[in-house]
Amino acid sequence: MSTHPLPALEIKSLTKRFGAKTAVSDFNLTLAPGSFYGLLGANGAGKTTTMRMIAGLLQADEGSICVFGHDVGKDPRAVKSITAWLPDEPLLYDKLTPLEYLEFIAGLWSVEGSVAEKRAEELLRWMDLWEERDKRCETFSRGMKQKTALAGALLHDPKLLLLDEPFSGLDAAVARQVKELLVEKTKEGATIVLTTHVMEIAERLAERVGIFHRGRLLADGSLADLRAQAGQAEGSLEDIFIQLVDDASVGSPA
Ligand code: ATP
């Protein structure tokens, strides 16, 4: 019997072009189950394009993506059934209440009724939305909608969570709740890939960070690895990020 568990995520030579523009170029990444990976990069660096390919929403031009051994290109349904995708601007059905929305999501994923009910209650309580469970989402603030969408993304108990800017628009207290929930999920064995422009979030949550620049992975590793790559003994992730991106930009065409 193999002692090596399947990687949660294995990406090889991933490339995506939009016309003459190469949005993602020869990206490679392997993550073990339980990892928390932060993907950083300036606007237009290729983060969302990468996440959408992993989620099976966008076809790669080259390369392969496997989620717990399932190839996204060959078996997208198997991948989707164990993956959560939270876009930066999630779509909710505004006329539904959070409970109705979660029931609807449970139906999509064929989550058994009593299991779905229990998970919906747990998630809504965790997000402090239980009291609002019968109010229509159209009356919610942006943060409440974001939390409802996150509850929906977690309802089928995914093993891989792809979260695109999950903290944008959340107030400090809500952001803390969501951070705690995500850390709890990794302790339970889930793997998280998160994009963010907030360096402090990546520094605090992610044990490993990738820096994207113009479609390429410029650097990848722990904060200590990135410091070594930047030749800085100290410095925050923000310092390192800015230095690595500046160094890469010097002399290279946009
Ligand atoms: P941001 O931080 O602003 O969200 P990002 O790193 O997520 O940026 P992407 O959205 O992946 O960046 O975009 C990468 C590049 O691919 C950009 O140059 C963008 O204009 C281009 N791009 C993305 N989607 C499309 C599309 N559907 N058609 C054409 N070009 C696209």
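Me: In this predicted model, how does the lining of the largest pocket divide by class?
Reply: Let's sort the lining residues of this pocket together. One residue is charged and three are polar. The remaining class is nonpolar, and its count is 16.

Me: Nice! Which residues come closest to the centre of that largest pocket?
Reply: The largest pocket holds about 520 Å³ of space. It is lined by 20 residues. The ones closest to its centre are Trp85, Pro87, Tyr101, Ile105 and Trp109.

Me: Which elements each supply at least two residues of that lining?
Reply: One strand and two helices fit that description. The strand is β6 (83-86). The helices are α3 (98-108) and α5 (142-154).

Me: What about the second largest pocket: which strand gives the most to its lining?
Reply: This pocket has a volume of about 220 Å³. Its lining has 13 residues, and Gln59, Ala60, Asp71, Val72 and Gly73 are the closest to the centre. By class, the lining divides into seven nonpolar, five polar and one charged. The strand that gives the most, with three residues, is β4 (residues 62-67).

Me: Let's move to strand β9 (residues 208-213). How many of its six residues are buried?
Reply: A residue counts as buried when its relative accessible area is under 20%. Strand β9 is mostly covered by that test. Phenylalanine 212 is an example, since its relative accessibility is 1%. For the strand, the number of buried residues is five.

Me: Which strand runs parallel to β9?
Reply: Look for the strand where glycine 41 sits, because this glycine stands opposite phenylalanine 212 in β9. Five bridges make the parallel connection. The strand is β3 (residues 36-41).

Me: And which strand runs antiparallel to β9?
Reply: Here too the strands are joined by five bridges. Glycine 210 has aspartate 220 as its bridge partner. The two strands form a hairpin with two residues between them, where arginine 214 takes a positive phi near 50 degrees. The antiparallel strand is β10 (residues 216-221).

Me: How many residues apart in sequence are phenylalanine 27 and phenylalanine 212?
Reply: These two rings form an edge-to-face aromatic pair, with 5.0 Å centre to centre and 75 degrees between the planes. Phenylalanine 27 lies in strand β2 (residues 21-31) and phenylalanine 212 in β9, so the pair ties together separate parts of the chain. Their separation in sequence is 185 residues.

Me: Is phenylalanine 27 buried or exposed?
Reply: The cut-off for buried is under 20% relative accessible area. Phenylalanine 27 has 2% relative accessibility, so the label for phenylalanine 27 is buried.

Me: A search of the whole structure finds two aromatic pairs. Which residue pairs with tyrosine 93?
Reply: Tyrosine 93 is in the loop between β6 and α3, and its partner is 11 residues away in helix α3. The pair is edge-to-face, at 5.3 Å centre to centre. Tyrosine 93 is partly exposed at 48%, and its partner is also partly exposed, at 35%. That partner is phenylalanine 104.

Me: Last one! How far from the ring centre of tryptophan 130 is arginine 133?
Reply: Some charged side chains sit over rings here. One of them is lysine 159, whose charged end is over the ring of phenylalanine 68, 4.6 Å from its centre. Arginine 133 lies over the face of tryptophan 130, and its distance from the ring centre is 4.1 Å.

Note on methods. Residues numbered from 1 in each chain as written. Predicted model: local features only at pLDDT ≥ 70, side-chain atom pairs only at ≥ 80, totals over all residues. Heavy atoms only, no water. 1 Å grid on protein atoms, 1.4 Å probe; cavity = no way out; pocket = protein on both sides within 12 Å on 5 of 7 lines; lining within 4 Å. Points joined across faces, edges and corners; volume = space filled by probe spheres on them. Helix = DSSP H or I, 4+ residues; strand = E, 2+ residues; numbered from the N terminus. Nonpolar A, V, L, I, M, F, W, Y, C, P; charged D, E, K, R; others polar. Buried < 20%, exposed > 50% of the residue type's maximum accessible area, 1.4 Å probe, protein only. Pairing = 2+ DSSP bridges. Phe/Tyr/Trp six-rings, centres within 6.5 Å; stacked < 30°, edge-to-face > 60°. Lys NZ or Arg CZ within 6 Å of the ring centre and 35° of its normal.
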